[in-house]
Amino acid sequence: MGIGMLDSEESSSSALSAIALAVSASATSDDNSNETTPYASVPRMAHQLQNPQRLSLGSSADTTQDSTAVEDTLSRQSADILQMLSQSKRSALGTEGGSNSNSPSKRLRNPLAAVTCNNQSETAVPLNFQPSTSRLAQVRQAKKPSPAQIPARLVPTDSFFVYRTPAMSAHISSGINYFERLSDETLLDIFKWLPKKTLLRMATVCRRFNRCSRDETLWTRLDLGLRTIRPGALEQIVRRGVLVIRLAQASVQEPAFTPSLASFRVRLQYLDLSMASISRSSLRTLLSHCRQLKKISLENTELDDSICTEIARNKALEAVNLTMASGLTANSVRLMMDSLTNLSSLNISWTDLSADAVTALVTHISPNVIRLNVAGCRRVLFDSHVALLQKRCPQLLELDLSDCNSLTPAAITAIMKFNMLEYLSVSRCYLIPATRFIELKGMPSLTYLDIFGMLSDAAMEVLEKQMPKMGINKFIHSSVSRPTVGTRRTSIWGLRTRD
């Protein structure tokens, strides 16, 4: 520190020097400190003053001769040192030049002033936070591993990293395919939880996955409504053993089936092609492979005699929906009615039937039919047809004769002979007078009656008073043989189409 040892005789000067040494030592941190040096710009001792004279004392003989001069010199130098230290301390505490405030807030050291003093400048300069220079920090920095020393499996990528234990790495590098040790039944239990789209991707993994993904137990139901079916895809779908399929408003691109001499049979039982865009040839090919159909909907599709022939070959059909279908003839209607003996529900409304077709319908229809909709047979369905129908199907529960505007009051007499009829619709049959509807209250089984467009509001109130137990005009649309009713579009005929 540039300060020599004081003689024992010079107690007063020694005391001043000790005070200066203690203050300067407390203001300067040691080499191992991690703190900044707050008073670095203050001269430490006398050797840093402008006066180059060093504070060093000679032997006791010399000091005895010049004791008075030395004491004066030490007193002046010590006073100057203490004054400089007090000024630097006040500047570090943020005080003004002549301020002597002793408030606690001003007695605290200002860290910003310490940083300023550390820069060896008395003027305001930008803050400069220097890194730690302690030996402990240097040791810690030296112990940090370099990027080259980090294992490759622990280096993260942009999005994620894969960490494998040695056991996992050994398992992967062993080359053992543990899926091969699983039975097909176990794989099928896993595959049944996958969506159909994922199941198709699994078929491209390996041959075994391809074989298992084609199992018919995974393809019992399928919903392709409002979809576009690519060429050849429909054949692949029905070959997988689908039982329930919904193709409502779907667009089937040609060719739907590949020309092949080998015939195949499908397990399809419930088919919904309502308002689907499909050619007659593709529809004929599809139905030619179906022999187990129970319910079918071909609403608003184009038919011909060959298609009706394929429909008639499905002897187990229970419900047929041909609403607004075109291409029906008397021969095709007769063929279907003669063949479909298990039919219980038929919707053949608005199909532009001829009078001969209507006659073939009411004379060859199966006696097992309990729900029938022949609405829209304008000027071709007469009272005689209703009488023949009553004799052919006495067990009818629902009958829709809406818009059959050729019916007369004689039709009401034939209708009242249905002993089990629960629902009747004669909407817009304008030749039937309103007074004849009151006679229908004599039918004990009749529960609902739709007569839209027949009566005024006042007449409707009178009729409701006459038949208080009957629901009048409760159903706007018919539900006979329709696959979907209301807003539900994920099921057909009460069966789910999605897993």
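**Pockets, cores and salt bridges of the predicted model**

The largest pocket is lined by 26 residues, and those lying nearest its centre are K196, L222, D223, L224 and R227. The structure described here is a predicted model. The volume of the largest pocket is about 840 Å³. Four elements, α9 (196-202), β1 (221-223), β2 (228-229) and α11 (233-239), each supply at least two residues of its lining. Sorted by class, the lining of the largest pocket comprises 10 nonpolar, five polar and 11 charged residues.

The second largest pocket holds about 670 Å³ of space. Its lining is made up of 33 residues, of which E299, H477, S478, S479 and R482 are the closest to its centre. In this second lining, 10 residues are nonpolar, 14 are polar and nine are charged.

The interior was examined next. The largest nonpolar core contains 96 residues, and L271, L401 and I451 have the most contacts inside it. A second core, separate from this one, has five residues, among them L243, V244, Y270 and I492. Leaving aside residues up to four places away in sequence, L271 touches I245, L247, L286, L287, L293, K295, I296, S297 and W493.

Salt bridges were searched for over the whole structure, and 15 were found. In one of these, R291 pairs with E310, with 3.1 Å between the closest N and O atoms. R291 is in the loop between α12 (280-288) and β6 (295-297), whereas E310 belongs to helix α13 (residues 305-312), so the pair ties together parts of the chain 19 residues apart in sequence. The two partners fall into separate accessibility classes: R291 counts as partly exposed because its relative accessibility is 26%, and E310 counts as buried because its value is 10%, buried being defined as under 20%.

D403 takes part in two of the salt bridges described here. The side chain of R378 meets that of D403 at 3.7 Å, N to O. This pair links distant parts of the chain, with R378 in the loop between β9 (371-373) and α16 (383-392) and D403 in the loop between β10 and α17, 25 residues apart. D403 also forms a salt bridge with R428, and here the closest N and O atoms are 2.9 Å apart. Distant parts of the chain are again linked, since R428 lies in the loop between β11 (423-425) and β12 (448-450), 25 residues from D403. With a relative accessible area of 8%, D403 is buried. Its two arginine partners are partly exposed, R378 at 40% and R428 at 30%. Elsewhere, D184, R208 and R211 are joined in a network of salt bridges.

The loop that carries D403 also contains T408, and is bounded by β10 (398-400) and α17 (410-415). T408 counts as partly exposed because its relative accessibility is 26%. When residues up to four places away in sequence are not counted, T408 touches D383, L431 and I432. T408 and I432 are 24 residues apart in sequence, while their C-alpha atoms are 5.2 Å apart in space.

How values were computed. Residues numbered from 1 in each chain as written. Predicted model: local features only at pLDDT ≥ 70, side-chain atom pairs only at ≥ 80, totals over all residues. Heavy atoms only, no water. Core = buried A, V, L, I, M, F, W, Y, C linked by side-chain atoms within 4.5 Å. Buried < 20%, exposed > 50% of the residue type's maximum accessible area, 1.4 Å probe, protein only. Contact = heavy atoms within 4.5 Å. 1 Å grid on protein atoms, 1.4 Å probe; cavity = no way out; pocket = protein on both sides within 12 Å on 5 of 7 lines; lining within 4 Å. Points joined across faces, edges and corners; volume = space filled by probe spheres on them. Nonpolar A, V, L, I, M, F, W, Y, C, P; charged D, E, K, R; others polar. Salt bridge = Lys/Arg side-chain N within 4 Å of Asp/Glu carboxyl O.
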